[in-house]
Amino acid sequence: MIAAVLCAAGKGTRAGFGGNKVLALYNGLPVLCYSLSVFSPLADEVLVACAPEDEERIAQLLIPFPNARTVPGGATRGESVRNALYETKADMVLVHDAARPFVTPETVRACIACLMRYGSAVCSLPLSDTVAHTLDGNILDVPPRERYCTVQTPQGFLRDKLLHAYERAREEGRTFTDESGVYAAYCEPPRLFTGERQNKKLTYPEDFTPAERVGFGTDTHAFCEGDHIVLCGKKIPCARGLRAHSDGDAAVHALMDAMLSAAGLRDIGHYFPDTDARFAGADSMRLLQETVAMIQEQGLYVGNATVSIVAERPRLAPYIEEMRQNLADCLHIPAQCVGVAAGTNEGLGYVGEGKGITCFATVLLKKA
Ligand code: MG
């Protein structure tokens with residue numbers, strides 16, 4: 001029988017929430033729910049170690065997971081895990097930080113397989129940074145990196161051996177940052193298995209900002225008198241123009257709205273109102289540049305963008321490559337990361353009747 005112990009009794013002081021960070025929302029869902037949904041199907045029971053003040057809220061989150069229950073957390077992580085070990089009759093336990101929501105079922109299965117084969121299992125990754133031995137702000141020496149690894153969770157142990165290790169540590173008044181340390185000190189060197197880079201611990205406020213954000217925008221302009229239109233910064237000869245306060249570049253306007261909404265900002269009309277004389281006849285590529293600066297201020301940049309133009313006329317195919325390059329230059333990304341598509345509306349509706357054009361845009365913003 002396998003029990004999973006999720007450590008959720010932390011105070012999250014480094015994350016600066018003034019509350020338990022595993023109850024904070026990540027993409028709209030409490031952080032704890034991510035690891036719960038991974039461990040619940042793979043373990044016979046899930047014990048969530050939590051502080052008394054969080055017990056009621058956490059119990060609510062456990063309702064969809066019938067094999068999960070709360071156990072009283074302790075003042076330290078070690079105390080919490082030791083309490084949980086007393087609460088279970090399982091012979092094998094997997095311990096996991098609830099603040100590591102990106103753990104995958106593959107990693108948990110690898111942990112169980114390693115535990116069954118070697119009697120212990122510690123999730124680890126090779127170091128990518130250099131590690132130095134320091135004293136008072138100076139480096140004493142730099143050991144060979146190959147001999148070191150970072151240690152994560154999940155970690156798997158036989159319950160009785162881990163409990164024995166924790167009891168010994170308590171007798172000696174020693175504390176450890178996690179189970180691998182206490183097990184190594186009082187049992188034997190625990191066995192490592194390789195984890196995944198994505199299985200990181202949410203620690204600081206910026207860790208809670210999603211790394212990728214998708215956005216969608218749309219814009220429509222009606223035809224009026226004129227001899228050209230502007231799309232993606234390209235002036236295109238046309239029997240009619242587009243009615244607009246600015247240059248009427250509906251493709252760029254749709255893209256700007258996609259970027260602003262992905263960044264959680266207000267829409268284009270809020271920042272560039274068509275009642276503002278500053279934007280009369282404005283070059284929309286310049287407004288796009290300003291939008292790029294706005295999302296940069298949010299710590300974001302464009303990963304890739306797509307624009308789709310629906311127009312009965314003029315024929316846009318000859319201009320697509322130049323339009324694509326214009327957008328790529330303005331967004332500071334390679335042209336391969338920009339898609340520009342154009343099509344007609346098969347004669348249907350206002351687009352089909354040649355009254356106007358509509359553009360759609362999607363964008364993926366990434367954390368810088
Ligand atoms: Mg517009």
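**Exercises on a predicted model: metal site, sheet, core and salt bridges**

Asp219 and His253 are both buried. The model is a predicted one, and the exercises below start from this pair.

**Exercise 1. The magnesium site**

Task: Identify which protein atoms are the donors of the magnesium ion, and state how the donor residues are spaced in sequence.

Solution.
- Step 1. The protein donors are Asp219 through OD, His221 through NE2 and His253 through ND1, at 2.1 to 2.3 Å from the ion.
- Step 2. Written as a sequence pattern, the spacing of these donor residues is D-x1-H-x31-H.
- Step 3. Asp219 belongs to strand S12 (residues 212-224) and His253 to helix H7, so this pair ties together parts that are 34 residues apart in sequence.
- Step 4. Buried means under 20% relative accessible area; Asp219 and His253 both fall in that class.

**Exercise 2. The sheet around S12**

Task: Determine the strand order of the open five-stranded sheet that contains S12, and state which helices pack on the sheet.

Solution.
- Step 1. The order is S15-S12-S18-S16-S17, and the pairing is mixed.
- Step 2. Strand S15 (241-242) and S17 are the edge strands, each of which pairs on one side only.
- Step 3. S12 and S18 run antiparallel and are joined by eleven bridges. Val214, for instance, has Leu364 in S18 as its bridge partner.
- Step 4. H7 packs on the sheet through contacts with S12, S16 and S18, and its direction makes about 150° with that of S12.
- Step 5. H10 also packs on the sheet, where it touches S16 and S17; the angle between the directions of H10 and S17 is about 145°.

**Exercise 3. The nonpolar cores**

Task: Describe the largest nonpolar core, and state which element gives the largest share of its residues.

Solution.
- Step 1. The largest nonpolar core has 50 residues, and those with the most contacts inside it are Leu231, Leu288, Ile309, Leu327 and Leu331.
- Step 2. Among the elements that give two or more residues to this core are strand S13 (228-231), helix H9 (284-297), strand S16 (300-310), helix H10 (320-331) and strand S18 (356-367).
- Step 3. The largest share, ten residues, comes from H7.
- Step 4. For Leu231, when residues up to four places away in sequence are not counted, the residues touched include Ile236, Ala250, Ile309, Met323, Ile357 and Cys359.
- Step 5. A second core is separate from this one; it has 33 residues, including Ile2, Ala43, Val46 and Val48.

**Exercise 4. Salt bridges**

Task: Among the 16 salt bridges of the structure, trace the network that contains Asp97, and state whether Asp97 is buried or exposed.

Solution.
- Step 1. The network links Arg77, Asp97, Arg100 and Glu179.
- Step 2. Within it, Arg77 meets Asp97 at 2.4 Å, N to O. Arg77 lies in helix H3 (residues 77-87) and Asp97 in strand S6 (residues 92-97), so the pair ties together parts that are 20 residues apart in sequence.
- Step 3. Arg100 also forms a salt bridge with Asp97, at 2.9 Å, N to O.
- Step 4. The relative accessibility of Asp97 is 6%, so Asp97 counts as buried. Arg100 is buried too, with a relative accessible area of 9%.

**Exercise 5. A salt bridge between sequence neighbours**

Task: For the salt bridge between Asp160 and Arg159, classify each partner as buried or exposed.

Solution.
- Step 1. The two side chains meet at 2.7 Å, N to O.
- Step 2. Asp160 has a relative accessible area of 55% and is therefore exposed.
- Step 3. Arg159, at 15%, is buried.

Methods. Residues are numbered from 1 along each chain as its sequence is written. This is a predicted model: local features need pLDDT of at least 70, side-chain atom pairs count only at pLDDT 80 or more; totals for chains, interfaces and linings use all residues. Side-chain values use heavy atoms; hydrogens and water are left out. A nonpolar core is a set of buried Ala, Val, Leu, Ile, Met, Phe, Trp, Tyr and Cys residues joined through side-chain atoms within 4.5 Å. Buried means under 20% relative accessible area, exposed over 50%, partly exposed in between (1.4 Å probe, protein chains only). Helices (H or I, at least four residues) and strands (E, at least two) are DSSP runs, numbered from the N terminus. Contact means heavy atoms within 4.5 Å. A salt bridge is a side-chain nitrogen of Lys or Arg within 4 Å of a carboxyl oxygen of Asp or Glu. Donors are N, O and S atoms within 2.8 Å of the metal (3.2 Å for Na, K and Ca); water is not among the atoms, so sites may look incomplete. Two strands pair if DSSP finds at least two bridges between them. Axes are lines fitted to C-alpha atoms, for helices over the stretch in contact, and angles run from 0 to 180 degrees between N-to-C directions.
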